[in-house]
Amino acid sequence: MSEITLVEAVRLALARAMEEDETVLLLGEDIGIDGGVFRATDGLIERFGERRVMDTPLSESLFAGLAVGLGAQGFRPVVEYQFMGFIYPAIDQVVNHAGRLRNRTRGRLTCPMVIRAPYGGGIHAPEHHSESMEALFAHIPGIRVVIPSSPAHAYGLLLAAIRDPDPVVFLEPKRIYRAPKEEIADDGVATPLDQCFTVREGRDVTLITWGAMIIETLAAAETLAAEGVEAEVIDVATLKPLDMATILSSVERTGRCAIIHEAPLSGGVGAEIAAGLANRGLVNLLAPVGRVAGYDTVMPLPRLEIYYMPTQERILRTVRRVLAYA
Amino acid sequence: MTQVASFTIEHTRYLDLRGRPTQPLPAFAENRDVLIALYKAMVLTRTFDAKAVSLQRTGRLGTYASSLGQEAVPVGVAAAMRAEDVFLPSFREQGGQMLRGVRMVEILLYWGGDERGSDFTGPREDFPICVPVGTHAPHAVGVAHAFQLRGEARVAVCVFGDGATSRGDVYEAMNLAGVQRLPVVFVVNNNQWAISVPRARQTAAETLAQKAVAAGIPGIQVDGNDVIAVRQVVGTAIEQARAGEGPTLVEALTYRLSDHTTADDASRYRDDAEVSARWKEEPITRLRQHLSDGGQWTKTDEETLIGDCSAQVEAAASEYLATPPLPTTSMLDHLYATLPAALAEQRAEVEEATEP
Ligand SMILES: Cc1ncc(C[n+]2csc(CCOP(=O)(O)OP(=O)(O)O)c2C)c(N)n1
Ligand SMILES: [Mg+2]
């Protein structure tokens, strides 16, 4: 068993799912011989053939609809969008069809499909290649939005997403595509969806995050530990539907909390979590909920990118304020 | 300069406006029973549409899109399909849905605001109607791709309007279907109007059939008010697709004699004179004329048919009106395969708020 990266874990899960289920198909631009722009599908066309690893024309509006048709026919299509910046035409299909086909036909037709896309900043990519727009999807009924934060979670959650009978938008934090690495047993064991994961236990404050921000958040927790403050760190993982129960029970113990995400501050999943805490956890809160997020602005080009991304320092500043509140 | 590509668009018609053959009829049309079945399906559609509009006018049905004057398109298309093919209609192809076994009561339930109307008891794999214009063209390509992957001799048949041909989805779908030679047939139900926008303002292209040219697939035109022509041309395209010869775009020329929907008033943007003139081309009179010219249809036959159709439609309307209401919690129960824990509280709230 060797250590592998997050993007390798994605590939491992795709191969595993294709191995165990004939109906799993991959579709997308340049995913065949080229192996995808991030090589997530490298070697899969050789292994599974072009019937199951299909290079599509450049038609972002089409792929998601194609997957709806395939899904309704009993296939399990996994569609790759090269970058989240090009996924928006798919929203039409996700809102109008994938998320509602089961409901509008009372379960007669369903859409067991996965839409995969790399997302997020921090790799000095060109314009339109660094956004974190997960909240757009998290607002849509009838789908799941899943974001892994480690190679192991990428493997387990992607397997779960592919096996899930409903549509899943699976966003891959590309900043941590190649590091850190982790040992993964390719055992076909899925990681449950609809569940948050407590990745570090602590009694003093709850830090809630997802995706690549897990790195800065865990680093902040270590810094705090050196100061004698034990932070609990929760990786949300499935943003929709949201497991508030795990979050509420953590905050019940710690009484303090900060939410950390790369996406713009307003109107997003962090706000939903804060609302859930205000709604059902207010009596346990000893301090206002802290928030560290991207700014409500257009994702800057690479020169200012690092000033946009939440850093360990920004996290610490907010957490210290939350801790100091009496 | 050398010419590197060229195209022509063929138009097919078998019956003129007075039902007289303009060329030898296709083989199926020699069979009286087949023609009468097409005729009956069109009359049933018109009777159904009239009833649906009257239910809407009397507050017992929601907004409804009539297919008055266009019955030959969906009927001809569905008649050309096999049961195992998959139909992906837009929202004006009830005549075709009925022919494929969707029950009238289901169509009424749908437009009456009840999701159960799309849980067809008949053609289980057919798609429900599609409201976001043209967004079902990619689904048809996905369905056809599934057939191709499984090596099945089945065809996906997708119908959309003239307005839909201006959308990228339709082009993207035709384009991939061409690349993969998928077993799919696209039919443009060109009724000359997209709500208030006339065909001429939809595109500068001379025909809609030629939109196929850029996708590298055949595009052909048919008289959409001649059900024999629709059945024949679409049937040929379907059988080609079934034989692995790839997709076709068929433009069926018809005319929307009704308002866009019951929520529309076409007199705001359309001349009555234009509509009156178009009444002379409508498909039902044309086929009836043809049948009676050949001594195959009598006044008594007509009276019996009208009576039958009304009885069927009235029975469906009564069944619709007597359908017990949906459980309120069903709005959440069919969203996911199993209700996520996060939704349990909202479901309980719905239940509590609507308890009798
Ligand atoms: C994508 C989209 N845009 C706008 C509408 C509103 N709308 C409903 S039907 C219609 C016109 C459709 O025209 P056409 O495609 O010719 O079909 P027809 O109604 O004539 O059968 C419009 C604009 C819609 N349903 N979907
Ligand atoms: Mg139209």
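Start by selecting domain 1 and domain 2 of chain A, which the domain assignment, an automatic or database one, places at 2–184 and 197–324; 31 residues of domain 1 of chain A are in contact with 25 residues of domain 2 of chain A, where contact means heavy atoms within 4.5 Å. What you have open is a predicted model, in which local features need pLDDT of at least 70 and side-chain atom pairs count only at pLDDT 80 or more, while totals for chains, interfaces and linings use all residues. Residues are numbered from 1 along each chain as its sequence is written, chains are lettered from A and ligands numbered from 1 in the order in which they are written, and side-chain values use heavy atoms, with hydrogens and water left out.

**The domain interface in chain A**

Taken over C-alpha atoms, the centres of domain 1 of chain A and domain 2 of chain A are 26 Å apart. Between these two domains about 2100 Å² is buried, with carbon and sulfur atoms giving 61% of that area; buried area here is the accessible area (1.4 Å probe) that two parts lose on being put together, summed over both. Colour A:H124, A:S149 and A:R175 next, since in domain 1 of chain A these residues lose the most area to domain 2 of chain A, together 23% of what that side buries.

Keep A:R175 selected and add A:E262: the two form a salt bridge, with their closest N and O atoms 3.9 Å apart. A salt bridge is a side-chain nitrogen of Lys or Arg within 4 Å of a carboxyl oxygen of Asp or Glu, and the rule finds two of them across this domain interface. The same interface holds 13 residue pairs in polar contact, both residues at pLDDT 80 or more; a polar contact is a pair of N or O atoms within 3.5 Å, where within protein one must be able to donate a hydrogen and the other to accept it, and residues adjacent in sequence count only if both atoms are side-chain atoms.

**Between chain A and chain B**

Now show both chains and select their contact, which takes 42 residues from chain A and 45 residues from chain B. The two chains bury about 3600 Å² between them, 58% of it on carbon and sulfur atoms. A:Q73, A:R106 and A:R108 supply 23% of the area that chain A buries against chain B, more than any other three residues.

For a single pair to inspect, pick A:D92 and B:R167, whose side chains meet in a salt bridge at 3.5 Å, N to O. The elements β2 (24–28), α3 (60–72), α4 (88–98) and α5 (101–104) of chain A each supply at least two residues of the side that touches chain B, and α3(A) gives the most, with nine residues. Helices (H or I, at least four residues) and strands (E, at least two) are DSSP runs, numbered from the N terminus.

**The magnesium ion**

Move to ligand 2, a magnesium ion whose protein donors are B:D162 (OD), B:N191 (OD1) and B:W193 (O), lying 2.0 to 2.1 Å from it. Donors are N, O and S atoms within 2.8 Å of the metal (3.2 Å for Na, K and Ca), and water is not among the atoms, so sites may look incomplete. In sequence these donor residues are spaced D-x28-N-x1-W. B:N191 counts as buried at 4% relative accessibility, and B:W193 counts as buried at 8%; buried means under 20% relative accessible area, exposed over 50%, and partly exposed in between (1.4 Å probe, protein chains only).

**A last stop at A:R39**

Finally, centre on A:R39, in the loop between β2 and α2 (44–48) of chain A, which is partly exposed with a relative accessible area of 34%. The side chain of A:R39 reaches the backbone oxygen of A:D34 at 2.9 Å.
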